[in-house]
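Work through the exercises below with the model open beside you, and try each task before reading its solution.

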Amino acid sequence: MILQSKVVGPIETNCYLLGDEGKGVCVLVDPGADAPALLKWVADSGLTLEAVFLTHGHYDHRDALPALLEAYPGLTVYIHEKERLQPGLPDRYFYSGPCRTWAEGDKIPVGDLTVEVLETPGHTAGSVVLLVEDVMLAGDTLFAGSCGRCDLPGGGMLAMFQSLRRLGLLAKNYRVFPGHGPATTLDAERRNNPYMRQALQL
């Protein structure tokens, strides 16, 4: 498994390249900005870009998509149904482009890798966390020492605590790669993250 990260955009979003070197394929997770740099990143990897995975619909996680879709016509974009733009909603926070929706328990192949989808509402109604082998791609649900804000459309603190509790109760000590900030581990967050510690007491 190949997992590389690149910080993009003014809010310093972590974009991830997840690939199977043996099969020569990859996906981008949360391509938030800097499309030319991301296109070069994929080209330099030598892998074929198969899809884009969006942990949620906020602009800082998908603003490079138009250029990616232009460069790769027919590229599949995965996102939760609740993150799609509906009338009356702000387009900064919801996605309106072509996509395939995913949901709890879906398993998406990336070469011989299997990416499992966990629904983790709180930051947004349709936020997801992605699990692959010992890696957790946490989006804006779980950060090192913190969690995503819950005061934007579709967010909610109770839902966030329920999602953090769910993640905290997972058996494996995943390596956690969040949507912003440094990587961490699930054991470290169970010990030190005040939001997860509070959630585990619920």
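**Exercise 1. Establish the order of the strands in the open sheet, and find its edges.**

Solution. Begin with the order: in this predicted model, six strands form an open sheet that reads 1-2-3-4-5-6, with mixed pairing. Strands here are DSSP runs of E with at least two residues, and helices are runs of H or I with at least four residues, both numbered from the N terminus; two strands pair if DSSP finds at least two bridges between them. Next come the edges, which are strand 1 (2-8) and strand 6 (100-102), each of them pairing on one side only. From one strand to the next the twist averages 25°, where axes are lines fitted to C-alpha atoms and angles run from 0 to 180 degrees between N-to-C directions. Finally, look inside the sheet, where strand 3 (residues 25-29) and strand 4 (residues 48-53) run parallel and are joined by five bridges; Cys26 has Leu49 in strand 4 as its bridge partner.

The model is predicted, with local features needing pLDDT of at least 70 and side-chain atom pairs counting only at pLDDT 80 or more, while totals for chains, interfaces and linings use all residues. Residues are numbered from 1 along each chain as its sequence is written, and side-chain values use heavy atoms, with hydrogens and water left out.

**Exercise 2. Trace the pairing of strand 8 with strand 7 and with strand 9.**

Solution. Start with strand 7 (residues 107-110), which runs antiparallel to strand 8 and is joined to strand 8 by four bridges; within this pair, Ile108 stands opposite Val115. The hairpin of these strands has two residues between them, and Gly111 takes a positive phi near 60° there. Then turn to strand 9, which pairs with strand 8 over four bridges, also in the antiparallel sense; here Val117 has Leu130 in strand 9 as its bridge partner.

**Exercise 3. Is Thr120 buried or exposed, and which residues are in contact with Thr120?**

Solution. First locate Thr120, which lies in the loop between strand 8 (113-119) and strand 9 (128-132). Its relative accessible area is 0%, so Thr120 is buried (buried means under 20% relative accessible area, exposed over 50%, and partly exposed in between, with a 1.4 Å probe and protein chains only). Then list the contacts, meaning heavy atoms within 4.5 Å: leaving aside neighbours within four places in sequence, Thr120 touches Ser127, Val128, Val129, Thr141, Ser163 and Leu167. For the wider setting, 50% of the 202 residues of the protein chain count as buried.
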